Every structure is written in C-alpha cells, then in structure tokens.
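Hi,

Here is the structure I said I would pass on. Have a look first, and my notes on it follow below.

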Amino acid sequence: MSDMTLLEKDEDIEKATKALKAMAHPLRLKILCALKNDELPVLEIVKQVGSSQSNISQHIDILRTKGIVESRRDGNKILCKVKDAKILKLVANMQAVFCSAEVD
C-alpha cells in the first residue's frame, strides 16, 4: 500500500512541477491573474495584461498545451478560462503572499 501512496505523491509532484514551470513567466502569470474570476476573450486579456495580441496568444497556447487553460470559439471571439480550480487556488494564494499591501 505504501508504494501506491508514494506513486500518487510522485504523480502529484510531477503535475505541480509542470504547472509551476508553465506559470513561471511574468506574462503567463498575468494571464492567469486576469482569468482568475472569469472566462475572458483574448482581446480582453490583451487589454488587461498589456502586451501584443500575438504575444498573448503564444503564451495562452503554452498554458493550453500544459493543460492549465482551455479555450473555445464563440462567434469571432476566442474565450479562455483556467481549466483547473486548483490552479485558481494557487494563483489566489500567490497573490495573497506576493501582492498583499505592505503595512507601514
């Protein structure tokens, strides 16, 4: 039984490592922060993140390939959202740690 537990933990560690590697880029982290509460069209993500559409699209593709973001077409828009609630929780925790207001 303990071998099975270790295997599951290794799989969890592998999944976490892949997610963290994919997120370890300023633009990709900004994209995830923009998507934290909503499904958004790519153009809205571009507006919030502040980079070119082609650059944002490339980073969304990386996040999609890693299974972090999913997208769908709605008319002429591409809508994106975070695929896994665990990633949203991780982003929220990172914001709480790194983005909290400094107390004077």
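**What I found**

E44 counts as partly exposed, because its relative accessibility is 27% and the partly exposed class runs between 20% and 50%. Its place is in helix α3. Along the chain E44 and L79 are 35 residues apart, yet their C-alpha atoms are separated by 9.4 Å. Please keep in mind that this is a predicted model.

**The chain as a whole**

The protein chain has 5 helices and 3 strands. Reading from the N terminus, the order is α-α-β-α-α-β-β-α. Of the 104 residues, 25% are buried. The chain exposes about 7400 Å², and carbon and sulfur atoms supply 54% of that area. If you take the contacts between residues at least 6 apart in sequence, 53% of them join residues at least 24 apart.

**The sheet**

As a reminder, strands of a sheet pair through backbone hydrogen bonds, either parallel or antiparallel. Here the 3 strands form an open sheet, in the order β1-β3-β2, and the pairing is antiparallel. β1 (40-41) and β2 (69-74) are the edge strands; each has a single partner strand, so one side of each has no neighbour in the sheet.

How many bridges hold β2 and β3 together? There are 6 bridges between β2 and β3 (residues 77-82), in the antiparallel sense. In that pairing, D74 sits opposite K77 of β3, and R72 is opposite L79 of β3. That is the L79 whose C-alpha atom is 9.4 Å from the one in E44. The hairpin of β2 and β3 has 2 residues between the strands, and G75 takes a positive phi there, near 65°.

On the other side of the pairing scheme, β1 and β3 run antiparallel and are joined by 2 bridges. L40 has C80 as its bridge partner in β3.

**Helices packed on α4**

Two packed helices are described by the angle between their axes and the distance between the axes. I looked at two such pairs, and α4 takes part in both.

Start with α3 (residues 42-49) and α4 (residues 53-65): their axes come within 10 Å and cross at roughly 110°. That angle falls in the 65 to 115 degree range, so α3 is roughly perpendicular to α4. Which residues meet there? From α3 they are V42, L43, I45, V46 and V49, and from α4 they are Q53, I56, S57 and I60. By type, the residues of this contact are 7 nonpolar and 2 polar, with no charged ones.

The other pair is α2 (residues 26-34) with α4, packed at an angle of about 80° with the axes 10 Å apart. This makes α2 roughly perpendicular to α4 as well. On the α2 side the contact uses L27, R28, I31 and L32, and on the α4 side N55, I56, H59, I60, I62 and L63. This contact divides into 7 nonpolar, 2 polar and 1 charged residue. I56 and I60 of α4 are worth finding on screen: they meet residues of α3, and they also meet residues of α2.

**One more residue: A34**

A34 lies in helix α2. Is A34 buried or exposed? With a relative accessibility of 15%, A34 counts as buried, because the cut-off for buried is under 20%. Leaving aside neighbours within four places in sequence, A34 is in contact with L40, Q48 and V49. L40 has already come up as the bridge partner of C80, and V49 as one of the α3 residues that meet α4. The C-alpha atoms of A34 and I45 are separated by 6.4 Å, with the two residues 11 apart along the chain.

Over to you now.

Cheers

Methods
Residues numbered from 1 in each chain as written. Predicted model: local features only at pLDDT ≥ 70, side-chain atom pairs only at ≥ 80, totals over all residues. Heavy atoms only, no water. Helix = DSSP H or I, 4+ residues; strand = E, 2+ residues; numbered from the N terminus. Buried < 20%, exposed > 50% of the residue type's maximum accessible area, 1.4 Å probe, protein only. Contact = heavy atoms within 4.5 Å. Areas by Shrake-Rupley, 256 points an atom, 1.4 Å probe, with all protein chains shown as cover. Pairing = 2+ DSSP bridges. Axes fitted to C-alpha atoms, helices over the stretch in contact; angles between N-to-C directions. Parallel < 35°, antiparallel > 145°, perpendicular 65-115°, else oblique. Nonpolar A, V, L, I, M, F, W, Y, C, P; charged D, E, K, R; others polar.
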